[in-house]
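Please find below a colleague's note on the structure, set out as numbered points. Each point takes up one topic and may be read beside the sequence and the structure.

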Amino acid sequence: PESGILEFNNNSPSGAAIRSATAPIRLDATGGNSFVTGANFGIGTNSPSNVLHVRSTTLNAGAAARIENTRDGGSDHALQVIANGSSGSFATRIQQQGGGDILQVLDGSTEVFTILDGGNVGIGTDSPQTKLHVTQGTDDNTDGIRLSRSNSAASYSQYIDTSARFNIGYSNPSTGDPDPQITLEQGGDVG
């Protein structure tokens with residue numbers, strides 16, 4: 001065997017798969033490719049049901065698996081999911097089988113997107129109280145909900161201003177901050 005390379009092979013020691021890309025298991029510490037060929041691969045389970053099946057009954061730092069990319073710059077990703085399925089298949093499926101939150105997306109340590117058990121979705125809040133709950137970061141016309149035309153010619157925004165009034169604004173082009181067109185006062189008056 002080569003230095004820094006560990007291979008497991010079902011052929012004889014002089015078989016054609018030794019030192020080649022056809023070994024069933026190859027671990028390379030020299031910078032080459034490492035791989036496992038065959039059926040399913042399990043970590044924490046001896047009966048994997050998928051190509052990669054990770055199972056943990058004692059979580060470490062709150063996760064059964066962690067994927068981390070520490071390279072800064074470019075268009076690098078920590079995880080890329082590509083699916084080439086037929087109609088009805090999914091690129092990504094998240095299935096919560098307990099009572100915890102379904103999904104949390106964080107920007108640093110700030111939770112920016114949440115799906116709770118039961119399906120409530122929060123943007124800017126980690127405790128959505130309705131099917132869709134958006135919490136503004138600032139109380140002005142640069143934050144809230146914005147609907148834009150595909151040609152960028154116009155957009156309408158809904159937002160709450162610094163006086164706690166609900167506004168529907170319009171801007172053209174859609175990249176501009178909207179001016180209020182309709183304002184709903186706290187007492188119910190519309191302006």
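1. In which strand is the place of T114? T114 is found in strand β7. The model under discussion is a predicted one. The relative accessibility of T114 is 0%, and T114 therefore counts as buried, the limit for that class being under 20%. Along the chain, T114 and D101 are 13 residues apart, and their C-alpha atoms are separated by 7.7 Å.

2. The sheet that holds β7 deserves a description of its own. It is an open sheet of four strands, in the order β6-β7-β8-β9, and its pairing is mixed. At the edges are β6 (103–107) and β9 (132–134), each of which pairs on one side only. On average, and with direction ignored, neighbouring strands of this sheet are turned by 20° against each other. The pairing of β6 with strand β7 (residues 110–115) is antiparallel and runs over five bridges. For orientation in the viewer, L106 may be located opposite E111 in β7.

3. A further open sheet is made of three strands, ordered β1-β2-β3, with antiparallel pairing. Its edge strands are β1 (5–8) and β3 (35–36), and each of these pairs on one side only. Four bridges connect β1 and β2, which run antiparallel. Strand β2 (residues 25–28) is also joined to β3, by two bridges and again in the antiparallel sense.

4. Which residue of β3 is the bridge partner of R26? The partner is F35. R26 in β2 also has E7 standing opposite. The neighbouring position I25 stands opposite V36 in β3. In the hairpin of β2 and β3, six residues lie between the strands, and G31 takes a positive phi near 105°.

5. The side chains of β2 merit a separate remark. In a regular strand, side chains alternate between the two faces of the sheet. Along β2 this alternation sets R26 and D28 on one face, where they are buried. I25 and L27 point to the other face and are not buried. The reader may wish to note that the buried pair here consists of R26 and D28.

6. Which residues form the nonpolar patch on the surface? They are V36, F41, I43, L52 and V54, and together they have about 420 Å² of accessible area. Two elements, β4 (41–43) and β5 (52–54), give two or more residues to the patch. One of the patch residues, I43, has its place in strand β4. With a relative accessible area of 44%, I43 is partly exposed. V36, another member of the patch, is the residue that I25 faces across the pairing of β2 and β3.

7. The structure holds one aromatic pair. The ring centres of Y156 and Y170 are 5.1 Å apart and their planes lie at 50°, so the pair is tilted. Y156 belongs to strand β11 (residues 155–160) and Y170 to strand β12 (residues 166–171), so the pair ties together parts that are 14 residues apart in sequence. Both tyrosines are partly exposed: Y156 has a relative accessibility of 47%, and Y170 has a relative accessible area of 30%.

8. How many salt bridges are counted? The count comes to two. In one of them, D161 is joined to R165, with the closest N and O atoms 2.9 Å apart. D161 is buried, its relative accessible area being 11%, whereas R165 counts as partly exposed at 28% relative accessibility.

9. In the other salt bridge, R165 is joined to E185, and the closest N and O atoms are 3.9 Å apart. This pair links distant parts of the chain, since R165 lies in the loop between β11 and β12 and E185 in the segment after β13 (179–184), 20 residues apart. E185 counts as partly exposed, with 33% relative accessibility. Through shared partners, the salt bridges join D161, R165 and E185 into one network.

Key:
Residues numbered from 1 in each chain as written. Predicted model: local features only at pLDDT ≥ 70, side-chain atom pairs only at ≥ 80, totals over all residues. Heavy atoms only, no water. Phe/Tyr/Trp six-rings, centres within 6.5 Å; stacked < 30°, edge-to-face > 60°. Buried < 20%, exposed > 50% of the residue type's maximum accessible area, 1.4 Å probe, protein only. Pairing = 2+ DSSP bridges. Axes fitted to C-alpha atoms, helices over the stretch in contact; angles between N-to-C directions. Patch = residues over 30% accessible without salt bridge, like charges linked within 9 Å, V, L, I, M, F, W, Y side chains within 5 Å. Areas by Shrake-Rupley, 256 points an atom, 1.4 Å probe, with all protein chains shown as cover. Salt bridge = Lys/Arg side-chain N within 4 Å of Asp/Glu carboxyl O.
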